[in-house]
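Please walk through this protein with its bound ligand, beginning with how its elements are named and ending with a few backbone details.

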Amino acid sequence: MRYELYYWPGIQGRGEFVRLALEDASADYVDVARLSDMDGFGVPAVMKFLQSPEVKQLPFAPPFLKAGDVLVGQTANILQFIAPQLGLVPQDEPSRLWAHQLQLTVADFIKEAHDTHHPIASSLYYEEQKPEALRRTKDFLATRLDKYFGYFEKVLDRNGGHAVAGTHSYVDLSLFQIVAGMRYAFPKAMAQREAKYPRLVKNHAEVQKRPRLAQYLASARRIAFNEKGLFRKYPELDAG
Ligand SMILES: N[C@@H](CCC(=O)N[C@@H](CS)C(=O)NCC(=O)O)C(=O)O
């Protein structure tokens, strides 16, 4: 089956967590918004689902994914849906619940990382909320980052180096992505902390070496991190 991923073009954002799963599994998919408007794709195709009165299971926001007649939104929910089909989670319910629990925690982390540069409103520019961003980031780096990374480190330790014991799963891919994002956005802060998180660092290195992922990461399909996405590099925020 050909999956259709609907996400904003030009950023990794939350769509990247879905892309990583599709790419790691070598799934047949189209990244709809990155294809031409002229062929019926592009951003208009995304907007069609968000605005058409005919869509009953209306997504709130991208990413969302279409698989045959199924239309599913919310990053963690999309992953929970496709992972069993892609062999990226064990089939048993306890494992799937555990993976989903972790993915929801990743979603919480991403929101907090995003709010470092947009603590007041997503509708305002970073430059319009810079003093608040500095204050928010100070606390994020002092308390929240270590709380989340310490938690994920413990999880990897207790499960033999994987998020779900004994197997590679979509959560390992998401943990790779948050390490990559944090290294991009906060290189100083990460350099000071990485020694505390050897399993997270090892997971990042192992995921990036997976043959299909390595190919993807080196391809033009992997959008570079930039200052429009979730993880943004504003050196003044990276106090270490
Ligand atoms: N909880 C949702 C959040 C979705 C979300 O915030 N999407 C962003 C792009 S990453 C968006 O387009 N939001 C539009 C809005 O919130 O108005 C998820 O995990 O998928």
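Helices and strands are here DSSP runs, of at least four residues for a helix (H or I) and at least two for a strand (E), and they are numbered from the N terminus. With that naming, H162 can be placed in the loop that runs between α5 (130-158) and α6 (170-185). The model is a predicted one, and what follows should be read with that in mind.

H162 has a relative accessible area of 22%, and because buried means under 20% and exposed means over 50%, H162 counts as partly exposed. From F149, H162 is separated by 13 residues in sequence, and the two C-alpha atoms are 14 Å apart in space. Another histidine, H204, belongs to helix α8, which covers residues 198-209. H204 is buried, since its relative accessible area is 5%, and its side chain makes a polar contact of 3.4 Å with the side chain of R183.

The ligand can be taken next. Which pocket does the ligand sit in? The ligand occupies the largest pocket, and the residues around it are Y7, W8, R14, F60, A61, P62, P63, Q74 and T75. Sorted by class, this shell comprises 6 nonpolar, 2 polar and 1 charged residues.

Several polar atoms of the protein can be paired with atoms of the ligand. In the side chain of W8, an N or O atom is 2.8 Å from an oxygen atom of the ligand, while a polar side-chain atom of R14 lies 3.3 Å from a ligand oxygen atom. P62 contributes through its backbone, where an N or O atom lies 2.8 Å from a nitrogen atom of the ligand. Taken alone, the ligand exposes 500 Å², of which the protein buries 62%.

Some residues of this shell also carry backbone features that deserve a look. P62 and P63 are joined by a cis peptide bond, with omega at about 5°, and P63 itself is placed in the loop between α2 (42-51) and β3 (64-67). Q74, which is also among the residues around the ligand, has a phi near 75°, a positive value in a residue other than glycine. Q74 is located in the loop between β4 (70-73) and α3 (75-86), and is exposed, because its relative accessible area is 57%.

A positive phi is found at S26 as well, where the angle is near 55° in a residue that is not glycine. S26 lies in the loop between α1 (15-24) and β2 (29-31).

Key: Residues numbered from 1 in each chain as written. Predicted model: local features only at pLDDT ≥ 70, side-chain atom pairs only at ≥ 80, totals over all residues. Heavy atoms only, no water. Near = heavy atom within 4 Å. Polar contact = N/O pair within 3.5 Å; in protein donor to acceptor, adjacent residues only side chain to side chain. Areas by Shrake-Rupley, 256 points an atom, 1.4 Å probe, with all protein chains shown as cover. 1 Å grid on protein atoms, 1.4 Å probe; cavity = no way out; pocket = protein on both sides within 12 Å on 5 of 7 lines; lining within 4 Å. Sits in = over half its atoms within 2 Å of the grid points. Nonpolar A, V, L, I, M, F, W, Y, C, P; charged D, E, K, R; others polar. Buried < 20%, exposed > 50% of the residue type's maximum accessible area, 1.4 Å probe, protein only.
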